[in-house]
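Q: Please take a close look at one part of this model, the part where local side-chain and backbone details can be described. I would like a careful, connected account that also says how far the coordinates can be read.

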Amino acid sequence: ISDLRNASFSEANLKDSRLMAADLRGATLTQTDLSRANLSNAYLGGANLEDSNLNSANLARAYLPNANLSRAKLQRTNLFTADLRGANLDSVDLRSANLRGADVSDTVVKNGNLRALKLEGANLQQMKLKFIIEIIKKENFPAVCLRASRCVTAILAYCAASASLELHGTAAYALLSCVAF
């Protein structure tokens, strides 16, 4: 395990790097190119990855609580069973990312691109309900799979409590198919 705690790699080119199980807690990786990097099992708690390129990176089983991933590019990124508790995912691009089994509880997500996001088994407890409702309302909702996700109860509770929320068409059908699963 490489000990790179609190290291600074801002604007570095780490494309295709192999950082499996590296300890990058508190590291500064702003505007860093980590595309296609292997960061599986890496420790990135509290790391700053703002504006970084993580497209097609492998972050399976990575530990990223309280990491700052705002405006990061995470297209086709593997975040299978990653720990993202409390992470800042504001304005991230998660198109076709794999978040199956990931823990994204207590995260902050606004204005992200979520097309074809995979969420089966993800722990979305305490995730900002505004974001969950944004997923439901978008036309790309059928591509977002929430089956077996723990957030369905939260969605239904929010829907029941909010008279202003209107679900219709494909969004309503997709939510009902979630519940029926």
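A: Of the contacts in the protein with a separation of 6 or more, 12% are made by residues 24 or more positions apart, a contact being heavy atoms within 4.5 Å. The model is a predicted one, in which local features need pLDDT of at least 70 and side-chain atom pairs count only at pLDDT 80 or more, while totals for chains, interfaces and linings use all residues. Residues are numbered from 1 along each chain as its sequence is written, and side-chain values use heavy atoms, with hydrogens and water left out.

The protein has 3 helices and 0 strands, in the order α-α-α from the N terminus on; these elements are DSSP runs numbered from the N terminus, H or I over at least four residues for a helix and E over at least two for a strand. Of its 181 residues, 46% are buried, where buried means under 20% relative accessible area, exposed over 50% and partly exposed in between (1.4 Å probe, protein chains only).

The part to examine is the segment before helix 1, which is where Asp-23 lies, helix 1 itself covering 129-137. With a relative accessible area of 7%, Asp-23 is buried, and its side chain is joined to that of Arg-25 by a polar contact of 2.5 Å. Such a contact is a pair of N or O atoms within 3.5 Å; within protein, one must be able to donate a hydrogen and the other to accept it, and residues adjacent in sequence count only if both atoms are side-chain atoms. Arg-25, for its part, lies over the face of Tyr-43, at 5.8 Å from the ring centre, which satisfies a criterion that asks for NZ of Lys or CZ of Arg within 6 Å of the ring centre and within 35 degrees of the ring normal.

A second acidic side chain in the segment before helix 1 is that of Asp-93, a residue that is buried because its relative accessible area is 13%, and the side chains of Asp-93 and Gln-75 share a polar contact of 2.8 Å. Val-104, again in the segment before helix 1, counts as buried at 3% relative accessibility; the C-alpha atom of Val-104 is 5.0 Å from that of Arg-85, although the two residues are 19 apart along the chain.

Two backbone details belong to this segment as well. Asn-6, in the segment before helix 1, is not a glycine and yet has a positive phi of about 60°, and its relative accessible area of 61% makes it exposed. Arg-76, whose place is also in the segment before helix 1, has a positive phi near 60° despite being a residue other than glycine, and counts as partly exposed at 47% relative accessibility.

As for confidence, the mean pLDDT of the protein is 76, and 60% of its residues reach 70 or more, pLDDT being the predictor's confidence in each residue on a scale from 0 to 100. Among the elements, helix 1 has the highest mean pLDDT, at 53, and helix 3 (residues 169-180) the lowest, at 47. Over residues 161-171 pLDDT stays under 50, and the model has 13 contacts for them beyond four places in sequence. Residues 176-181 also have a pLDDT below 50, with 8 contacts in the model beyond near neighbours in sequence. Where pLDDT is low, the predicted coordinates should not be read in detail.
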